[in-house]
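The following note is intended for a colleague who has not yet examined this structure. Please read the numbered points alongside the sequence and the model.

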Amino acid sequence: MNSLIEMKSLATQASNQAMSNANRALIGDQIEGVAEDINETADQTVYKNKELLNGTGYTGSLTLTFQTGERSEDTIIATIDAVNISELFYGSGTLLTAGTTILGSTLSADLTAHGIGIPRGGAVLKGLAIYSSQATAGTQGVFHINDNATAADFNNFVEVVDIAIDRLAENFKSLGITQSSLSLRENIVFESIISNESAKSRILDTDFAKEQSESIRLQILQQTATSALAQANNESITVLDFI
């Protein structure tokens, strides 16, 4: 989200008509660098060899299933949408969109120079100055801003960044709901563990205080019986002495 906010801030600066073309081109390079950072972040957000932010093959979503109970149906499914540059920007507003027409050969050469192939069916560009390629099953999208992008182009791009921010916010909301559900299940499972351990303790563990009291009671009874027996023996001897 911070990267997108930075993009919007830079694009807002570049949309100023008083800025020179050279400075505007430098800002375009900065925005491209931020776009590369977004792709690198998506590549490097890894858990147990799973790229969490690249969907499945750089497109779509990654689905993770969490077992939250003892039954097979006790699961929670988390869906994490890809947030590489293509999934955030492709097809948004002035960016690369299927079904439009390329204007002139210069732009086609510019695409090729940046490793961006013309999409299937001749789909090309809706906006000529700022565009993103579509991710495929094996590659992330590429983001590019032409050096001749105008203030108006950057002004349009501000709206495109807003669309990307909304997309990312929706992802955050979905993940937040899933995280809340997992936290709730975690608490339930934790309470179940405590209850089961308590029941196990009552069944298997000795109540030492109770057993010690019982042992002392038996010792007293034993000592009392011994004393009574000794006294009875003494009385028998006394009776025999009189005889």
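1. Over residues 93–110, pLDDT (the predictor's confidence in each residue, from 0 to 100) stays under 50. The model nevertheless has 49 contacts (heavy atoms within 4.5 Å) beyond four places in sequence for residues 93–110. Residues 114–127 also stay under 50 in pLDDT, and 34 such contacts are present for them. Where pLDDT is low, the predicted coordinates should not be read in detail.

2. The model is predicted, so local features need pLDDT of at least 70 and side-chain atom pairs count only at pLDDT 80 or more, whereas totals for chains, interfaces and linings use all residues. Residues are numbered from 1 along each chain as its sequence is written, and side-chain values use heavy atoms, leaving out hydrogens and water. The chain has an average pLDDT of 74, and 76% of the residues score at least 70.

3. The largest nonpolar core (buried Ala, Val, Leu, Ile, Met, Phe, Trp, Tyr and Cys residues joined through side-chain atoms within 4.5 Å; buried means under 20% relative accessible area, with a 1.4 Å probe and protein chains only) holds 27 residues. Leu 4, Met 7, Ile 31, Phe 89, Phe 143, Phe 154 and Phe 157 touch the most other members. Among the elements giving two or more residues are helix 1 (2–14) and helix 5 (151–204), and helix 5 gives the most, with eight. Helices are DSSP runs of H or I with at least four residues, and strands are E runs of at least two, numbered from the N terminus.

4. Lys 48 has a positive phi of about 50° without being a glycine, and lies in the loop between strand 1 (46–47) and strand 2 (50–51). Asn 49, in the loop between strand 1 and strand 2, has a positive phi of about 65°. Lys 48 is exposed (over 50%) at 65% relative accessibility, and Asn 49 is exposed at 77%.
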